[in-house]
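Here are my notes on the model you sent. Please read them with the structure open.

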Amino acid sequence: MNTDKLKDLAMNDNGFVFDPGSGSSYTVNETGLKILKYLSQGLGKSEIRTKILDEYEISEDHFNSDFEHYVLMLESLDLIDF
């Protein structure tokens, strides 16, 4: 997964995300923001899963399903490449 474009995003702690490359802006929730930051730092799915499962009371299956959906959405927004 290529996440280089995520490094260019401007993100604030309120969940506002701005892509200077496209001029698009997005809002994400707390968990989505954390995942974006982890991906932009180069962390992989297993590292992110460990961090999220340590912080939130969700099942691994729930994380896997939500994570896959989230990265597909990021791909559709042309923010990551597989």
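1. In this predicted model, strands β2 and β3 (residues 24-27) run antiparallel and are joined by 4 bridges. Phe-18 faces Ser-25 of β3 across the pair. The hairpin leaves 4 residues between these two strands. Gly-23 has a positive phi there, near 80°.

2. Strand β1 (residues 10-11) also pairs with β2. The sense is antiparallel, with 2 bridges. Ala-10 has Phe-18 of β2 as its bridge partner. So check Phe-18 from both sides: Ala-10 is its partner in one pairing, and Ser-25 of β3 stands opposite in the other. β1 and β2 make a hairpin too, again with 4 residues between them. In that turn, Gly-15 shows a positive phi of about 90°.

3. Which side chains of β2 are buried? The strand covers residues 16-19, and its side chains alternate. Val-17 and Asp-19 share one face and are buried. Phe-16 and Phe-18 point to the other face and are not buried. Please look at Asp-19 in particular, a charged residue by class on the buried face.

4. Now the largest pocket. Its volume is about 270 Å³. The lining has 15 residues, and those closest to the centre are Asn-29, Thr-31, Gly-32, Ile-35 and Asp-66. Two or more lining residues come from each of α1 (30-40) and α3 (60-76). α3 gives the largest share, 6 residues.

5. What is the chemical make-up of that lining? The count is 8 nonpolar, 6 polar and 1 charged. Asp-66 is among the residues closest to the pocket centre.

Terms used: Residues are numbered from 1 along each chain as its sequence is written. This is a predicted model: local features need pLDDT of at least 70, side-chain atom pairs count only at pLDDT 80 or more; totals for chains, interfaces and linings use all residues. Side-chain values use heavy atoms; hydrogens and water are left out. Buried means under 20% relative accessible area, exposed over 50%, partly exposed in between (1.4 Å probe, protein chains only). Two strands pair if DSSP finds at least two bridges between them. On a 1 Å grid over the protein atoms alone, a cavity is a set of points where a 1.4 Å probe fits but cannot get out, and a pocket is an open set with protein on both sides within 12 Å along at least five of seven lines; lining residues have an atom within 4 Å of a point. Grid points are joined across faces, edges and corners, and a volume is the space filled by probe spheres set on the points.
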